[in-house]
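Please work through the exercises below with the sequence and the model at hand. Each task is followed by a solution in steps.

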Amino acid sequence: MRSNDTIFNTIDNGIIILDENLNILAWNRWLEIRTNILKEEVIDKGICQKFSYIDEKRLKRKVKAALVTKSPSYYNVDPHKYLIKIKINSINSNYDLMQQDVTIVPYDIENKIVCLYIYDKTALCEINSKLERANTELVDLTNKDYLTKVYNRRYFNDYSKKAIELAKRNNQDISVVAIDIDRFKKINDTFGHTVGDEALITVANILRSNIRKSDIVSRFGGEEFVMLLNNASLTEATVIAEKIRVIIEDTIIKVGDKEIDITASFGVATLNKENDENISITLQRADDLLYLAKKHGRNEVVNSL
């Protein structure tokens with residue numbers, strides 16, 4: 001018995017003994033240290049009355065399952081990610097509370113008593129979180145433009161092929177908008193590349209903020225951007241382009257004591273499904289229309305079927 005008590009209080013996990021009515025019969029030293037709650041404060045008390053955030057119905061169901069099947073039962077700690085609230089006192093942790101796994105095992109079948117093992121998985125969650133962030137950064141480096149953070153041309157090419165196939169299958173329109181910042185070379189030559197970079201970032205942010213989640217914007221190189229608008233007719237795409245053109249026209253870029261007005265020209269084309277057109281041809285038509293907008297005096301939207 002002494003040996004069992006020693007194991008009970010020295011094991012590096014939380015252990016709670018419960019009866020079938022969820023009354024606490026034992027509470028080990030590991031939990032006393034981490035919760036600052038002594039066993040005398042919880043023994044013979046209902047665990048769900050003492051810790052009201054516990055889902056009583058779910059816990060009862062799991063305790064019953066362990067007793068009936070005579071085998072371990074995993075308790076899902078979602079949505080809180082813990083059974084017993086335990087604070088983490090580390091400035092390096094991304095979590096305020098210990099992340100836990102909980103397993104319920106039959107302890108005394110005859111008297112309908114179970115044992116709950118609480119495992120600290122915070123370190124594992126920290127590692128998974130870092131891996132997810134690293135993976136996201138890697139995907140961004142592969143698919144996005146380093147300066148403006150919009151998608152790059154390679155991603156556009158891959159994405160547009162899938163989007164067009166889906167549009168054809170669903171008999172939906174899909175439109176391409178080619179955008180070019182007007183007189184960008186003059187901005188660079190007059191104000192320097194730092195201001196030029198700020199102009200690119202500003203325009204990219206405007207484009208990204210004024211399309212739907214289903215659409216994408218990409219930087220094709222230099223001061224040229226392309227938007228792919230899913231399920232958008234020529235008229236709808238032109239309305240979006242005109243709205244963005246006005247926003248860019250009304251935008252003033254401030255860098256230090258300098259204020260720079262910018263404008264952009266737009267070419268809008270919609271995929272011609274009847275001619276089984278591919279993205280390269282639609283893109284070329286949008287680019288030709290962009291050239292016309294430039295030729296007409298810039299700061300204009302030009303469209304065509």
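The exercises concern a strand residue, a helix, a loop residue and the aromatic rings.

The model is predicted, so local features need pLDDT of at least 70 and side-chain atom pairs count only at pLDDT 80 or more, while totals for chains, interfaces and linings use all residues. Residues are numbered from 1 along each chain as its sequence is written, and side-chain values use heavy atoms, with hydrogens and water left out.

**Exercise 1. Determine where L18 is placed and whether L18 is buried or exposed.**

Step 1. L18 belongs to strand β1, residues 14–19. Helices (H or I, at least four residues) and strands (E, at least two) are DSSP runs, numbered from the N terminus.

Step 2. The relative accessible area of L18 is 0%, so L18 is buried. Buried means under 20% relative accessible area, exposed over 50%, and partly exposed in between (1.4 Å probe, protein chains only).

Step 3. Apart from residues up to four places away in sequence, L18 touches N23, I24, L25, I47, L59, K112, I113, V114 and L116. Contact means heavy atoms within 4.5 Å.

**Exercise 2. Compare the span of helix α5 with its expected value, and establish which of its residues are buried.**

Step 1. Helix α5 covers residues 56–69; at 1.5 Å a residue its 14 residues should span 20 Å, and the end C-alpha atoms are 20 Å apart, which agrees. The expected span is 1.5 Å times one less than the number of residues.

Step 2. The buried residues of α5 are R58, L59, V63, A66 and L67. Viewed down the axis of α5, the buried residues fall within an arc of 165°, so they line one face of the helix. The arc is that of the directions from the helix axis to the C-beta atoms.

Step 3. K57, R61, K64 and V68, on the other side of α5, are exposed. The cover over the buried residues of α5 includes β1, α4 (47–50), β3 (73–75), β4 (100–108) and β5 (113–120).

Step 4. Just after α5, K70 adopts a positive phi of about 60°.

**Exercise 3. Describe the setting of D145.**

Step 1. The loop between α6 (122–143) and β6 (151–152) holds D145.

Step 2. With a relative accessible area of 11%, D145 is buried.

Step 3. Neighbours within four places in sequence aside, D145 is in contact with V150, Y151, N152 and R219.

**Exercise 4. Classify the pairs Y155 and Y159, and F156 and F220.**

Step 1. Rings of Phe, Tyr and Trp (its six-membered ring) pair if their centres lie within 6.5 Å; planes under 30 degrees apart count as stacked, over 60 as edge-to-face and the rest as tilted. This rule gives a count of seven aromatic pairs.

Step 2. Y155 and Y159 are stacked, at 5.9 Å centre to centre with 20° between the planes. Both lie in helix α7 (residues 153–169), four residues apart, about one turn of the helix.

Step 3. The ring centres of F156 and F220 are 5.1 Å apart and the planes are at 80°, so this pair is edge-to-face. F156 lies in helix α7 and F220 in strand β8 (residues 216–221), so the pair ties together parts that are 64 residues apart in sequence. F156 and F220 are both buried.

Step 4. One aromatic cluster is formed by W27, F51, Y53 and Y82.
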